[in-house]
Amino acid sequence: MATQDIHSNATTSGGGDSGSTGTAHRSAGGAAVAGATTVTTGGSGVGEPAATRGKTSIADVVVVKIAGMAAREIPGVFDMGGGLSRTIGAVRDRVPGGRPNVGRGVKVEVGERQTAIDLDIVVEYGVPITDVAHDVRENVIGAVERITGLEVVEVNVAVNDVRLPDDDTADSAGETRVE
């Protein structure tokens with residue numbers, strides 16, 4: 001079966017019973033097709049076991065959502081994303097019917113069998129940042145590997161900000177002054 005590194009979104013698949021080395025799926029212009037990644041490939045035909053007939057594809061956004069949820073579960077992680085994306089996210093969260101963006105602050109590269117993840121987080125003041133980053137890595141790797149079956153080769157954590165205890169008092173003071 002052909003292999004692929006995580007820096008390419010070209011998807012390769014093995015042939016059925018013929019044992020071919022596989023071919024990359026490319027668009028008409030020759031560029032790699034992005035958006036979904038083959039996790040398992042199988043053969044086709046009646047001779048193959050039912051569980052291996054066909055292939056399973058996982059879109060990049062699936063890995064983004066899983067990693068975002070797993071990172072937010074860690075105590076000490078206040079929010080995710082850079083300053084501008086957090087501001088836009090706060091406005092979006094207040095719109096009636098708007099849903100929070102669990103993928104904010106998460107970037108992924110997904111290959112055929114591996115993925116690399118970059119996270120931008122905001123931590124609570126007073127928590128040991130190295131411990132939070134360690135816990136985030138463990139939880140994200142465990143969740144992504146368990147749910148998708150992809151091997152996580154790295155999780156890079158960038159701490160963009162620290163939430164200070166005074167940050168809430170300014171917001172709550174503004175809300176209590178006006179009825």
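This report describes the helices, strands and some residue contacts of a predicted protein model.

**Overall layout**

The protein has 179 residues, of which 32% count as buried. Its secondary structure amounts to 4 helices and 8 strands. Read from the N terminus, the order of these elements is β-β-β-β-α-β-α-β-β-α-β-α. Contacts that span long stretches of sequence are also counted: among contacts between residues at least 6 apart in sequence, 63% join residues at least 24 apart.

**Helix α1 and its packing on α3**

Helix α1 covers residues 60-72. It has 13 residues and reaches 19 Å from its first C-alpha to its last, which is close to the 18 Å expected at 1.5 Å a residue. The buried residues of α1 are D60, V63, V64, I66, A67, G68, A70 and A71.

Two packed helices are described by the angle between their axes and the distance between the axes. Helix α1 packs with helix α3, residues 129-148, at an angle of about 140 degrees, and the two axes are 8 Å apart. That angle makes α1 oblique to α3. The crossing of the two helices, α1 and α3, is right-handed.

Which residues of α1 and α3 meet? On the α1 side they are V63, I66, A67, A70 and A71. On the α3 side they are V136, N139, V140, A143, V144, I147 and T148. The residues of this contact of α1 with α3 divide into 10 nonpolar and 2 polar, with no charged residue. The residues V63, I66, A67, A70 and A71 that α1 brings to the contact also appear in the list of buried residues of α1.

An α-helix has 3.6 residues a turn, so residues three or four places apart point the same way.

**Strands β7 and β8**

I121 is located in strand β7, residues 114-124. Is I121 buried or exposed? I121 counts as buried, because its relative accessibility is 0%. Leaving aside residues up to four places away in sequence, I121 touches V77, D79, M80, V132, V157, A158, V159, N160 and D161.

V159 belongs to strand β8, residues 151-163. Its relative accessibility is 32%, so V159 counts as partly exposed. With residues up to four places away in sequence again left out, V159 touches I121, V123 and I129. The contact between I121 and V159 therefore appears in the list of I121 and in that of V159, with I121 counted as buried and V159 as partly exposed.

**Helix α3 and the loop before it**

P128 lies in the loop between β7 and α3. At 46% relative accessibility, P128 counts as partly exposed. A133 is placed in helix α3 itself. A133 counts as buried, because its relative accessibility is 10%.

**Pairs set apart along the chain**

The residues discussed above each have a partner some way off in sequence, and the table lists the C-alpha to C-alpha distances for these pairs.

| Pair | Separation in sequence | C-alpha to C-alpha distance |
|---|---|---|
| V159 and I121 | 38 residues | 5.0 Å |
| A133 and V157 | 24 residues | 6.3 Å |
| I121 and D161 | 40 residues | 7.2 Å |
| P128 and G76 | 52 residues | 8.5 Å |

I121 is part of the pair with V159 and also of the pair with D161. Both V159 and D161 are among the residues that I121 touches.

Key:
Residues are numbered from 1 along each chain as its sequence is written. This is a predicted model: local features need pLDDT of at least 70, side-chain atom pairs count only at pLDDT 80 or more; totals for chains, interfaces and linings use all residues. Side-chain values use heavy atoms; hydrogens and water are left out. Axes are lines fitted to C-alpha atoms, for helices over the stretch in contact, and angles run from 0 to 180 degrees between N-to-C directions. Angles under 35 degrees count as roughly parallel, over 145 as roughly antiparallel, 65 to 115 as roughly perpendicular and the rest as oblique. A crossing is left-handed if the near helix is turned anticlockwise from the far one by less than a right angle, and right-handed if clockwise. Contact means heavy atoms within 4.5 Å. Ala, Val, Leu, Ile, Met, Phe, Trp, Tyr, Cys and Pro count as nonpolar, Asp, Glu, Lys and Arg as charged, and the others, Gly among them, as polar. The expected span of a helix is 1.5 Å times one less than its number of residues. Buried means under 20% relative accessible area, exposed over 50%, partly exposed in between (1.4 Å probe, protein chains only).
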